[in-house]
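Here is a short report on one protein model. Keep the sequence and the 3D view open as you read.

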Amino acid sequence: MRTDDSTEKQSSSTDPELKKLEAIHDRHQEEIWRTKVDSFENLRRSFSQKRSEILSFELREKIRATIREDQSQDLRAPGNRYRSLIAARDAGVDLSALKDVHDATYRRARFVTASNRFRYAETVVGNNPDWFASPPPIIWIPLPDPDKEKVFYPPFMGSWDRFQRNQATGDGVVVTNASYLDETAKLGSKLVARNHDASDVDLISVGRETGYLVRFKTLRTGILQVKADLSALYCHHSIRTDDEWGWSDFNASTRGRLVLAVFWNWEDVDPANEVSDQWFVAGLDCSGDGESYPGDTVQMAPGQRRIVNLYTSMAFPANKKIWVYVGLADEIWALLNDVSIDISIDSAWLLNSIAVRSI
């Protein structure tokens with residue numbers, strides 16, 4: 001976590017303590033990430049074991065080699081997936097039982113789950129309008145009470161490249177995990193991963209979170225409303241897949257979450273309260289046999305603004321100085337069975353303002 005010079009000078013005497021707190025935070029984040037990754041790793045192993053009981057590895061490789069050798073030039077000939085199914089059926093494989101195992105696995109492979117711990121409101125603002133061609137109506141709105149809402153503009157009081165995590169099994173590779181945080185108003189991440197030989201069930205999980213902090217004094221006892229105004233610089237999500245041999249399936253997801261966290265002191269590593277908008281950038285959810293893929297998808301047009309209201313799930317007492325953090329967490333997940341994949345997020349945003357009030 002980085003803050004302005006005045007705050008750094010005030011806390012220079014506590015650097016050893018801060019390092020201890022940061023170490024505690026890193027361990028805590030690692031435990032959370034590891035718990036999620038381990039759950040998918042257990043699912044991957046269970047799926048591989050159950051599938052092998054129905055369709056052995058030796059038989060899979062035999063069918064795979066046969067199809068590779070017999071590539072018909074006739075475009076009207078049956079595809080690899082159909083031929084794989086016929087070969088497995090002729091070998092006595094229980095295809096119904098195999099399908100049940102696949103379906104049960106991917107029902108459990110839910111990479112992102114919605115949260116009901118926050119109330120959500122959102123305004124999507126288009127690009128710059130032509131005020132001269134279409135002047136807005138004159139509406140008299142009373143000025144907001146400064147005691148109830150405080151608006152912060154860049155540069156903010158602190159920046160934080162909060163965490164990054166990488167996980168790839170088998171031939172999977174995390175190519176890039178980089179932050180766009182520049183300590184003024186830019187945030188976001190570039191995440192790139194691939195697996196070009198997912199011959200068995202493989203897992204990819206990559207994530208990074210970046211954000212900014214502001215100092216706020218509560219004026220009444222109550223929950224906090226935090227309004228974040230962001231503009232997209234670019235926001236590209238991509239999933240490209242290739243069916244390696246025909247008997248295959250996959251489940252992959254990209255997502256961008258907007259995170260609100262409240263800290264009692266700027267040196268705290270664990271927030272007093274944290275909520276998030278799970279679908280700030282809806283991203284991509286893909287599954288199937290890998291023979292088709294969405295490719296590059298622009299999630300937000302450059303310059304498009306989003307204004308999002310988030311509410312804490314706990315109240316804070318009056319006349320307390322706290323730190324409010326707003327960040328963007330980008331995540332990639334993929335569970336692969338004989339499907340090659342290139343998956344990425346390239347997302348950079350400007351945080352135009354943060355407005356905070358007690359309600």
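Is threonine 218 buried or exposed? This is a predicted model, so the answer is computed from predicted atoms. Threonine 218 has 0% relative accessibility, so the residue counts as buried, because buried means under 20% relative accessible area.

**Around threonine 218**

Find the loop between strand 7 (201–217) and strand 8 (224–243); threonine 218 lies there. Now look at what threonine 218 touches. Leaving out residues up to four places away in sequence, the contacts include Phe316, Pro317, Ala318, Asn319 and Lys320. Leu224, Ile322 and Ser358 are also among them.

**Cysteines**

How many disulfides does a search of the whole structure find? The search finds zero. Cysteine 235 has a relative accessible area of 0% and is buried. Cysteine 286 is buried too, at 11% relative accessibility.

**Salt bridges**

Side chains of opposite charge can pair when their charged atoms come close. In this model the count comes to seven salt bridges. Three of them are set out below, each with its N to O distance.

| Basic residue | Acidic residue | N to O distance |
|---|---|---|
| Arginine 305 | Aspartate 229 | 2.5 Å |
| Arginine 255 | Aspartate 285 | 2.9 Å |
| Arginine 257 | Glutamate 331 | 3.4 Å |

Take the pair of arginine 305 and aspartate 229, joined by a salt bridge. Arginine 305 sits in strand 13 (residues 305–311) and aspartate 229 in strand 8, so the pair ties together parts that are 76 residues apart in sequence. Arginine 305 is partly exposed, at 28% relative accessibility. Aspartate 229 is buried, at 11%.

Next comes the salt bridge between arginine 255 and aspartate 285. Arginine 255 belongs to strand 9 (residues 249–263) and aspartate 285 to strand 11 (residues 285–288), so this pair ties together parts 30 residues apart in sequence. Arginine 255 is buried, at 2% relative accessibility. Aspartate 285 is exposed, with a relative accessible area of 53%. Why does aspartate 285 count as exposed? Its relative accessible area is 53%, and exposed means over 50%.

Then turn to the salt bridge of arginine 257 with glutamate 331. This pair links distant parts of the chain, 74 residues apart: arginine 257 is in strand 9 and glutamate 331 in strand 14 (residues 321–337). Both arginine 257 and glutamate 331 are buried.

Which residues are linked in a network of salt bridges? Arg162, Glu209 and Glu274 are.

Note on methods. Residues numbered from 1 in each chain as written. Predicted model: local features only at pLDDT ≥ 70, side-chain atom pairs only at ≥ 80, totals over all residues. Heavy atoms only, no water. Helix = DSSP H or I, 4+ residues; strand = E, 2+ residues; numbered from the N terminus. Buried < 20%, exposed > 50% of the residue type's maximum accessible area, 1.4 Å probe, protein only. Contact = heavy atoms within 4.5 Å. Disulfide = S-S within 2.5 Å. Salt bridge = Lys/Arg side-chain N within 4 Å of Asp/Glu carboxyl O.
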